[in-house]
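Please open the model in your viewer and keep the selection tool at hand. The stops below go from one selection to the next, with a short account of what is there.

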Amino acid sequence: MSLPRIAIDAMGGDEGVRTMIDGAAMARRRHDRFKFLLVGDEERIKKALADHPGMSGASEILHCDDFIEGDEKPSRALRRAKTTSMGLAVDAVKRGEAGAAVSAGNTGALMAISKLALRTMPGLDRPALAALLPTLGDNDVIMLDLGANRECDARNLVQFAIMGAAYSRIVTGRERPRTRLLNIGTEETKGTEDIQNAAEILRGATGLDMEFEGYVEADKINRGDCDVVVCDGFSGNIALKAIEGTARFVTDLLRRAFTSSIRSKVGFLVSRPATELLKHHLDPNNHNGAVFLGLNGVVVKSHGSADATGVANAVEVAARLLEDDILNRIRKDLGEVGSEGFAAK
């Protein structure tokens, strides 16, 4: 099956053009049907492509030597969208010259540019940023929103649940993903009025392809007991940073413990297979590729510090969303919750 080509913002991210091209090439070695529109400085892209002869026939370069700075305000980025690599990559999706865009650049700028260029789907109020997090179960958990929307009402949370479940069905293959709202407790009386109203709506929506299971507390997100965790962007971003910080703390603590003495170093050699498995499981590059769900197009945000493996994973996320027609899946499920479905008080 052929796929629409993927636009790569080669100038975004902390690691530079070469890492973005190396990541795209790695993804294509795994899936030789991938094709790319590489947006960025042509000379630098060609130098990076010299190490990947197989990419030449699968790539087109769109020259652009201007890019969005990592600390640039979204309002300024919007004004420069037509002259920057990020803006041109997203515009390629809008014009139908690419099926998806991948960028490791400024998250706020990418959201603003994508929302203006692609607009939100009919019936949706806001897009949401969704990402995969590791769990103790067989599948990763999808969490959204992770920072695109600071404040959300019940309607927003219900829409996020619908989008997250559609994404989860693609990632996990589960027909009815187990979906929960992030809350400070699991009792029905816990949480804000918006969270409680969203739960009431989801419990009463019988036509949705999900199993709504109420609430989940932050310490249970990675247990593997649910497939989708829904929250506002403020809470979600804090929870995500706490999870990432804890993962780094655990790995750094283990490294320090195993190098503290000769006995510890011997113990490390014995337990090395287990520690390598732990390192692989906690490595954010292996879960890279956050998605802006709810837009009329596919946009994937790679972590700014991602290495080539991380970029390759982000590219594969974009391709999978195209292959499984994520946009129509979301549109179908939104039709199951009409305006009357938001009448809960």
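A residue is called buried here when its relative accessible area is under 20%, exposed when that value is over 50%, and partly exposed in between. With a relative accessible area of 3%, C231 therefore counts as buried. The model you are looking at is a predicted one, and every value in this tour is computed from it.

**The whole chain**

Before selecting anything further, colour by secondary structure, which brings out eleven helices and eleven strands. Of the 345 residues of the protein, 51% count as buried. If contacts with a separation of 6 or more are considered, 72% of them are between residues 24 or more positions apart.

**The cysteines**

Return to C231 and display its sulfur together with that of C152, which holds the closest cysteine sulfur, at 8.2 Å, too far for a bond. C226 can be added to the selection, and this residue is also buried, with a relative accessible area of 3%. How many disulfides does a search of the whole structure find? The search returns zero.

**The loop before strand 2**

Select F34, in the loop between helix 1 (17-30) and strand 2 (36-40). Is F34 buried or exposed? Its relative accessibility is 3%, so F34 counts as buried. Leaving aside residues up to four places away in sequence, F34 touches L3, A27, R28, A58, V315, E316 and A319. Showing these side chains with F34 gives a view of what surrounds this loop residue. For a distance across the sequence, pick the C-alpha atoms of F34 and M55, which are 21 residues apart along the chain and separated by 9.6 Å.

**Strand 3**

Move next to I61, which is found in strand 3 (residues 59-63). At 23% relative accessibility, I61 counts as partly exposed. The residues that I61 touches, when those up to four places away in sequence are not counted, are L38, E42, I45, K46 and L49. One of them, K46, lies 15 residues from I61 along the chain, and the C-alpha atoms of the two are separated by 8.6 Å.

**Backbone exceptions**

Most residues other than glycine have a negative phi, and most peptide bonds are trans. The next three selections depart from these habits.

Begin with R119, in the loop between helix 5 (107-118) and strand 5 (128-133). Although R119 is not a glycine, its phi is positive, at about 60°. This residue is exposed, with a relative accessible area of 51%.

Continue to the peptide bond from L144 to D145, which is cis, with omega near 5°. D145 itself is found in the loop between strand 6 (141-144) and helix 6, a helix that spans 154-172.

Then select D325, placed in the loop between helix 10 and helix 11. Its phi is near 55°, again a positive value in a residue other than glycine, and D325 is partly exposed, with a relative accessible area of 37%.

**Helix 11**

From D325, go on to helix 11 (326-334), where I326, L327, I330, D333 and L334 are buried. Why do these residues line one face of the helix? Seen down the axis of helix 11, the buried residues fall within an arc of 135°, so they line one face. An α-helix has 3.6 residues a turn, so residues three or four places apart point the same way. To see what covers the buried residues of helix 11, display the elements around them, including helix 6, strand 10, strand 11 (298-301) and helix 10 (308-323).

**The cavity**

Finish by asking the viewer for enclosed space. Rolling a probe the size of a water molecule over the atoms shows where empty space is left. The structure holds one cavity of 30 Å³ or more, and about 40 Å³ of space lies in the largest cavity. Which residues line it? Select M121, V291, F292, L293, G294, L295, G297, V298, I326, L327 and I330. Strand 10 (290-293) and helix 11 are the elements that give two or more residues to this lining. By class, the lining has nine nonpolar, two polar and no charged residues. I326, L327 and I330 therefore appear twice on this tour, among the buried residues of helix 11 and in the lining of the largest cavity.

How values were computed:
Residues are numbered from 1 along each chain as its sequence is written. This is a predicted model: local features need pLDDT of at least 70, side-chain atom pairs count only at pLDDT 80 or more; totals for chains, interfaces and linings use all residues. Side-chain values use heavy atoms; hydrogens and water are left out. On a 1 Å grid over the protein atoms alone, a cavity is a set of points where a 1.4 Å probe fits but cannot get out, and a pocket is an open set with protein on both sides within 12 Å along at least five of seven lines; lining residues have an atom within 4 Å of a point. Grid points are joined across faces, edges and corners, and a volume is the space filled by probe spheres set on the points. Helices (H or I, at least four residues) and strands (E, at least two) are DSSP runs, numbered from the N terminus. Ala, Val, Leu, Ile, Met, Phe, Trp, Tyr, Cys and Pro count as nonpolar, Asp, Glu, Lys and Arg as charged, and the others, Gly among them, as polar. Buried means under 20% relative accessible area, exposed over 50%, partly exposed in between (1.4 Å probe, protein chains only). The arc is that of the directions from the helix axis to the C-beta atoms. Contact means heavy atoms within 4.5 Å. A disulfide is a pair of cysteine sulfur atoms within 2.5 Å.
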